[in-house]
Amino acid sequence: MTRHLLAAACLLLTAGVARARADCPPGTDVTLWVGPAAPAADAPLRIVALAERGIPGGIVVTDPQGHTLTPAPIVHGGPPWSIVTSIDDPTPGPYRIEVRRDGVVVACRLLDLPATAARRAVTWEGRTAWDRATTALYAVWIEHLFGADTGQATTLHGLADVLQDPQRNFLYEHLRLGEDEPGPRALALTPDCADLPYFLRAYFAWKLDLPFGMRACGRGGGDTPPTCGQLITNARAASGGDALAGFERFLRAVADTAQSGSVRTALDDDATDYYPVALTRETLRPGTIFADPYGHTLMLVRWVPQTPERAGLILAVDAQPDNSMGYKRFWEGTFLFAEEPGAGPGWKAFRPLVRTPSGMRALDNDELDADGDFTPWSDEQATLAADDFYARMASLINPDGLPPGRAYDTTLDALVEQVETRIGSVDTGEQWTRAHPGVTIPMPSGATIFETTGPWEDYATPSRDMRLLIAMHVLETLPARIVRYPELFVLQGRSPAEVRDALETVHARRVRERSVTYTRSDGSPWTLTMADVLARRAAFTMAYNPNDCVEVRWGAPEDGPERTPCRRRAPAEQRSRMEQYRTWFATMRRPSR
């Protein structure tokens, strides 16, 4: 009799579990992700709901005591749209996590949390597939990682600080190896601009056991874009043993391989790590990278939508040789798009990898067009002149058009941010010089002033100053742009020429109202209006050498009081070569490699 009762109880329990699972749909339009990899009551439970079309819904959690919880959500716009939240102090027992939209459960997960997570071996074999859901989760992770800030002229201390913040990083301690805890075992993460997208992609792939690969690429030369070699995958990463140390060794190999040529490959090349995408709101997702034709790399992290009160923004991050990271708003002064035969510039996505019986391989351009899981390859950017590229981006960022005054203020704000960022870069060079009195930094020759290693790369500013000169040009020519692209502006019945003339008057006034302050050689502050900065355009063609005093680097007139504290000049031989290179900056066009 007892045996029959036990059997009946088991059947009832099995039926109950089956009903509960049938009542808990995994979701079709909504993906529900839960971390860490081994959920337990001794670590926060992190929850992400994401959808391709609209806000996923609301997250509702039922805890082991039957209490209904609605943890505070952080909502990110899209596509993809997402909700990120957490249960910071879970208890052992069964949890039910639901996403509800209009009262209907659209995705659900059942978890039974042990008191502590069982120890398990961590390997990186790439067993999880890149597909629409994991690609969308990567975009959400990037946005959440960098979306906590406004992006207004903000500098981050470094990638390690970002990843070690559990409020930003919902993959924090996902593998429970101590991989993200500050301390001696923390990952050493000091990427430059070319490394940064690879580090983030590799980190995400390692955490979720996804395939990762990259190629060693050349730098190209003249009219020839860089080309790349064979695919190197995470099969090189150590499995078993000390998984954390193995991943760190792999990252060092990534850093040794990644460089500016990796992103500047031709737009129609298949054997690449990145491929170009169409210019749409759907395709330009967080995690998309921007390839500067001259080698700089930025990563899109957030869209700020246009409102009646505020212009729209695209925010990106980049990494600097001094280990700092900064937010950059999209505009012509920072995101350089030029028709260069030796480079493939513009917006690009990571080329996804797939597993085959013979190993991992990357999808080619035709396969990307045919595969509905991934953003298609597009040659749209190859067909656009620079002015048309920027006009297309402006229409995406501000689809309702901008009043000319707001467009001007937005552009002026971006220029001021760029100048303020340069203040930090020049100050960093001054700190190095004070720490190394009497030491002259060697200056490379020719085009290598823009691409080298060592103190010149860290403290000289030729690339930044080239962008600054371009930014000045963009601001000063904005009134004329209204005549060329009137469809981008809200003119309220006025003619483009009338608006142009009025904006030129506004420009003359506003540049005298905005100012920045830098620190001179004797520690005293000196304030420059933006009118001063614009008037020093010629001086900024020779202001990038860290062997010059700070006053020279800010274009101080030779016989004026601003320059009085200056006690240091670059060697005459270096200044002579700078005179030869001056035309590059005057024409705002870098030389071919």
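## Disulfide Cys217–Cys228

Cys217 and Cys228 are joined by a disulfide, with their sulfur atoms 2.1 Å apart. The torsion about this S-S bond is about 100°, so the disulfide is right-handed. Cys217 sits in strand 10 (residues 213-217). Cys228 sits in strand 11 (residues 228-233). The two cysteines are 11 residues apart. The model is predicted.

Both ends of the bond are out of reach of the probe for most of their area. Cys217 has 12% relative accessibility and counts as buried. Cys228 has a relative accessible area of 16%, under the 20% cut-off, so Cys228 is buried too.

## Disulfide Cys24–Cys108

A second bond links Cys24 and Cys108, with an S to S distance of 1.8 Å. Here the torsion about the S-S bond is about -90°, so the disulfide is left-handed. The pair links distant parts of the chain, 84 residues apart. Cys24 belongs to the loop between helix 1 (2-22) and strand 1 (30-35). Cys108 belongs to strand 8 (residues 104-113).

Are these two cysteines buried or exposed? Cys24 is buried, at a relative accessible area of 8%. Cys108 is buried as well, at 4% relative accessibility.

## Disulfide Cys549–Cys566

Cys549 and Cys566 form another disulfide, and their sulfur atoms lie 2.1 Å apart. The torsion about the S-S bond is about -100°, so this disulfide is left-handed. Cys549 is in the loop between helix 12 (530-535) and helix 13 (550-553). Cys566 is in the loop between helix 13 and helix 14 (572-586). The pair therefore ties together parts that are 17 residues apart in sequence.

Cys549 has 0% relative accessibility and counts as buried. Cys566 has 15% and also counts as buried.

## Pattern and the unpaired cysteine

The count comes to three disulfides. With bonded cysteines counted along the chain, the pattern is 1-2, 3-4, 5-6. Cys193 is in no disulfide. The nearest cysteine sulfur to that of Cys193 belongs to Cys217, 14 Å away. Disulfide sulfurs must lie within 2.5 Å, so this distance rules out a bond. Cys193 is buried, with a relative accessible area of 15%.

## Strand 6 and its partners

Strand 6 covers residues 81-87. Why is strand 6 described as largely enclosed by the rest of the structure? Five of its seven residues are buried, so the rest of the structure largely encloses the strand.

Strand 6 pairs with strand 2 (residues 45-51) in the antiparallel sense, over seven bridges. In this pairing, Arg46 stands opposite Ser86 of strand 6. Strand 5 (residues 74-76) also runs antiparallel to strand 6, joined by three bridges. There, Ile74 stands opposite Val84 of strand 6. A hairpin of four residues connects strand 5 to strand 6. In a regular strand, side chains alternate between the two faces of the sheet.

## The largest cavity

The model holds five cavities of 30 Å³ or more. The largest has about 370 Å³ of space. How many residues line the largest cavity? Its lining has 22 residues. Those nearest its centre are Ala394, Asn398, Leu402, Thr411 and Arg481.

Several elements each supply at least two residues of this lining: strand 15 (313-319), helix 7 (386-397), helix 8 (404-435) and helix 10 (462-484). By class, the lining has 15 nonpolar, four polar and three charged residues.

## The second largest pocket

The second largest pocket has a volume of about 590 Å³. Its lining has 21 residues. Ala386, Asp387, Tyr390, His473 and Val474 are the closest to its centre.

Helix 7 and helix 10 each supply at least two residues of the pocket lining. Which helix gives the largest share? Helix 10 does, with eight residues. By class, the pocket lining has 12 nonpolar, three polar and six charged residues.

Helix 7 and helix 10 thus appear in both linings: that of the largest cavity and that of the second largest pocket.

Methods: Residues numbered from 1 in each chain as written. Predicted model: local features only at pLDDT ≥ 70, side-chain atom pairs only at ≥ 80, totals over all residues. Heavy atoms only, no water. 1 Å grid on protein atoms, 1.4 Å probe; cavity = no way out; pocket = protein on both sides within 12 Å on 5 of 7 lines; lining within 4 Å. Points joined across faces, edges and corners; volume = space filled by probe spheres on them. Nonpolar A, V, L, I, M, F, W, Y, C, P; charged D, E, K, R; others polar. Buried < 20%, exposed > 50% of the residue type's maximum accessible area, 1.4 Å probe, protein only. Pairing = 2+ DSSP bridges.
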